[in-house]
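Please open the model in your viewer and keep the selection tool at hand. This tour goes from one stop to the next, saying each time what to select and what can be found there.

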Amino acid sequence: MLAEAPIRVIGIDPGLRRTGWGVVETSGNSLRFVASGTVTSDAANDLATRLKELHDGLTRIIRAYEPDEAAVEQTFVNKDAVATLKLGQARGIAMLVPSLAGLPVAEYAPNAVKKAVIGVGHGEKQQIHLMVKVLMPKATFDTDDAADALAIAICHTHHRQSAAARLAFAG
């Protein structure tokens, strides 16, 4: 049997101020850290300029790391409608950029990400960051947003493997 070709996944944690990104590679059951970071927008700029800053930053990341698939965290609704709307617009950029690059884009609820990484649907950020380091000891992240993006990428690798296993079992 031929070895499975590695699949490179970018996880994106959208935010208007900071959008975290994390790239991992998966092959079979192995998981390898590739890179992570944060794209920022300048709060002094108008909304359209800030969204363009996020677009341009994510475009550079996707060109540099050439992922095969993307995963984006779904937005939660909070009490501040204006903040929720702005987050939704940043999330639109986070979904648009990989789609423009021809990548399939999966979406995951925050609880699904937590469950995939720490085993339960509710947990603290510190638990998620600790498990990211356990799963990928070489992983580095400069912000909470980058760590969350790696968790989103890890979640996607778990879900894509289980989907492939279900298809193989059914066939």
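Which residue is the bridge partner of R18 in β3? Select R18 and look across to strand β3, where the partner is T40. Before going further, please keep in mind that this is a predicted model.

**The sheet**

Now select the strands together, and you will see that 5 of them form an open sheet in the order β3-β2-β1-β4-β5, with mixed pairing. The edge strands are β3 and β5, each of which pairs on one side only. If you look at how the strands lie against each other, neighbouring strands of this sheet are turned by 20 degrees on average, when direction is ignored. Add helix α1 to the selection: α1 packs on the sheet and touches β1, β2 and β3, and its direction makes about 150 degrees with that of β3. As background for this view, strands of a sheet pair through backbone hydrogen bonds, either parallel or antiparallel.

**Strand β1**

Select β1, residues 7-13, and ask how many of its 7 residues are buried. The count is 7 of the 7, so β1 is largely enclosed by the rest of the structure. In a regular strand the side chains alternate between the two faces of the sheet. Show the side chains here, and you will find that I7, V9, G11 and D13 point one way from β1, while R8, I10 and I12 point the other way.

On one side, β1 is joined to β4 by 4 bridges, and these two strands run parallel; to see a place where they meet, select V9, which stands opposite E69 in β4. With β2, by contrast, β1 pairs in the antiparallel sense over 7 bridges, and a hairpin of 4 residues joins β1 to β2. Two partners are worth selecting in turn: G11 has G22 in β2 as its bridge partner, and D13 has G20 in β2.

**Strand β2 and its turn**

Move on to strand β2, residues 18-27, where 8 of the 10 residues are buried, so that this strand too is largely enclosed by the rest of the structure. Strand β3, residues 30-40, is joined to β2 by 10 bridges, and the two run antiparallel. Between β2 and β3 there is a hairpin with 2 residues in between, and if you select G28 in the turn you will be at a residue with a positive phi of about 65 degrees.

**W21 and the aromatic pair**

Select W21, which stands opposite G37 in β3. Is W21 buried or exposed? W21 is buried, because its relative accessible area is 5%, which is under the 20% cut-off. A search of the whole structure finds 1 aromatic pair. Select Y65 together with W21: the ring centres are 5.4 Å apart and the planes stand at 35 degrees, so the pair is tilted. The pair links distant parts of the chain, since W21 belongs to strand β2 and Y65 to helix α1, 44 residues apart. Y65, at 26% relative accessibility, counts as partly exposed.

**S36**

Next, select S36 in strand β3, a buried residue with a relative accessible area of 18%. Its C-alpha atom is separated by 5.5 Å from that of W21, although the two residues are 15 residues apart along the chain. Setting aside residues up to four places away in sequence, S36 touches W21, G22, T140, F141, A146 and L150. For T140, look closely at the backbone oxygen, which lies 2.5 Å from a polar atom of the side chain of S36.

**Helix α2**

Finish with helix α2, residues 81-100, whose 20 residues should span 28 Å at 1.5 Å a residue; the C-alpha atoms at its ends are 28 Å apart, which agrees. At the start of α2, select D80 and V82, where a side-chain oxygen of D80 reaches to within 3.1 Å of the backbone nitrogen of V82. Then select the buried residues of α2, which are T84, L87, A90, R91, I93, A94, V97 and P98. An α-helix has 3.6 residues a turn, so residues three or four places apart point the same way. What covers the buried residues of α2 includes β1, α1, β4 and β5. As a last selection, take G102, which follows α2 and has a positive phi, near 85 degrees.

Technical notes
Residues numbered from 1 in each chain as written. Predicted model: local features only at pLDDT ≥ 70, side-chain atom pairs only at ≥ 80, totals over all residues. Heavy atoms only, no water. Expected span 1.5 Å × (residues − 1). Buried < 20%, exposed > 50% of the residue type's maximum accessible area, 1.4 Å probe, protein only. Contact = heavy atoms within 4.5 Å. Polar contact = N/O pair within 3.5 Å; in protein donor to acceptor, adjacent residues only side chain to side chain. Pairing = 2+ DSSP bridges. Axes fitted to C-alpha atoms, helices over the stretch in contact; angles between N-to-C directions. Phe/Tyr/Trp six-rings, centres within 6.5 Å; stacked < 30°, edge-to-face > 60°.
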